[in-house]
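Colleague: Got a minute to walk me through this one? I'd like to go through it bit by bit.

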Amino acid sequence: MAIKKLTPILFVERIEPVLPFWEQHLGFIKTAEVPDGNALAFVILQQGSLEVMYQSYASADKELPAISAHIRKGPSFLYVEVDDLASIKASVKGMEIYMPERATFYGSREIGIKDPAGHFITFAQFEHRP
């Protein structure tokens, strides 16, 4: 068995507030969107081979009623490996930092921020990867 790709789906009250974070701060491009009236129900954001999806709670209520209560229980946590932590730090300047830059025992330098929807994202740069 070969797994080809893993893409997180983050659930939010509203998608629009997270778009500047991904598009303007991190250079992602919106490759698909599903409107729902004056708002977005779903969006796919991509940079190279990386993808992240956002879906609104209202859309999940309609599409996934059996699990929509579970979807609302808490934020998601993403761990993102990057080549240049300094450029990430510059890109997220002014955003809420939940974890100041630190060095880890497993060889990375990391910083953690909250996206505008309250999800936690840790960016990590490894000096040497085995």
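Modeller: Sure, and keep in mind that this is a predicted model. Let's start with the aromatics: Phe21, Trp22, Phe28 and Tyr54 come together as one aromatic cluster.

Colleague: How many aromatic pairs are there in the whole structure?

Modeller: Seven turn up in a search of the whole structure. One of them is tryptophan 22 with phenylalanine 28, which sit edge-to-face, 4.9 Å centre to centre with 80° between the planes.

Colleague: Is tryptophan 22 buried or exposed? And what about phenylalanine 28, buried or exposed?

Modeller: Tryptophan 22 has a relative accessible area of 4%, so it is buried. Phenylalanine 28 is buried too, at 10%.

Colleague: Why is the pair of tyrosine 98 and phenylalanine 120 called edge-to-face?

Modeller: Because the ring planes are at 90°, with the centres 4.9 Å apart, and planes over 60 degrees apart count as edge-to-face. That pair links distant parts of the chain: tyrosine 98 is in strand β6 and phenylalanine 120 in strand β8 (residues 120-126), 22 residues apart.

Colleague: How accessible are tyrosine 98 and phenylalanine 120?

Modeller: Tyrosine 98 has 32% relative accessibility and counts as partly exposed. Phenylalanine 120 has 18% and counts as buried, because the cut-off for buried is under 20%.

Colleague: OK, new topic. What are the helices and strands doing overall?

Modeller: The chain has four helices and eight strands. Going from the N terminus, the elements run β-α-β-β-β-α-α-β-α-β-β-β.

Colleague: What order do the strands take in the sheet with β1?

Modeller: The order is β1-β4-β3-β2, in an open sheet of four strands with mixed pairing. The edges are β1 (9-12) and β2 (29-36): each has a single partner strand, so one side of each is left without a neighbour in the sheet. From one strand to the next, the twist averages 15°.

Colleague: What holds strands of a sheet together, in general?

Modeller: They pair through backbone hydrogen bonds, either parallel or antiparallel. Here, β2 and strand β3 (residues 39-47) run antiparallel and are joined by seven bridges. As an example to look for, valine 34 stands opposite phenylalanine 42 in β3.

Colleague: And what about the sheet with β6, what order does that have?

Modeller: That one goes β5-β8-β7-β6, an open sheet of four strands, and the pairing is mixed. β5 (77-81) and β6 are at the edges with a single partner strand each, so each has one side without a neighbour in the sheet.

Colleague: How many bridges join β6 to β7?

Modeller: Four, and the two strands run antiparallel. You can spot methionine 99, whose bridge partner in β7 is glycine 112.

Colleague: Let's switch to charges. How many salt bridges does a search find?

Modeller: Nine in the whole structure. Lysine 62 makes one with aspartate 36, with the closest N and O atoms 3.1 Å apart. It connects distant parts of the chain, with lysine 62 in helix α2 (residues 57-63) and aspartate 36 in strand β2, 26 residues apart.

Colleague: Is lysine 62 buried or exposed?

Modeller: Exposed, at 59% relative accessibility. Aspartate 36 is partly exposed, at 31%.

Colleague: Which residues does glutamate 101 form salt bridges with?

Modeller: Lysine 89 is one of its partners, with the closest N and O atoms 2.5 Å apart. That pair links glutamate 101 in strand β6 to lysine 89 in helix α4 (residues 85-91), 12 residues apart. Arginine 109 also forms a salt bridge with glutamate 101, and there the closest N and O atoms are 2.6 Å apart. Through shared partners, salt bridges join Lys89, Glu101, Arg109 and Glu127 into one network.

Colleague: Last thing: which residues make the nonpolar surface patch?

Modeller: Tyr79, Phe105 and Tyr106 do, and the patch is about 400 Å². Tyrosine 106 is in the loop between β6 (97-103) and β7 (108-114). With a relative accessible area of 37%, tyrosine 106 is partly exposed.

Colleague: And how much of the chain is buried?

Modeller: Of its 130 residues, 38% count as buried.

Key
Residues numbered from 1 in each chain as written. Predicted model: local features only at pLDDT ≥ 70, side-chain atom pairs only at ≥ 80, totals over all residues. Heavy atoms only, no water. Patch = residues over 30% accessible without salt bridge, like charges linked within 9 Å, V, L, I, M, F, W, Y side chains within 5 Å. Areas by Shrake-Rupley, 256 points an atom, 1.4 Å probe, with all protein chains shown as cover. Salt bridge = Lys/Arg side-chain N within 4 Å of Asp/Glu carboxyl O. Buried < 20%, exposed > 50% of the residue type's maximum accessible area, 1.4 Å probe, protein only. Phe/Tyr/Trp six-rings, centres within 6.5 Å; stacked < 30°, edge-to-face > 60°. Pairing = 2+ DSSP bridges. Axes fitted to C-alpha atoms, helices over the stretch in contact; angles between N-to-C directions.
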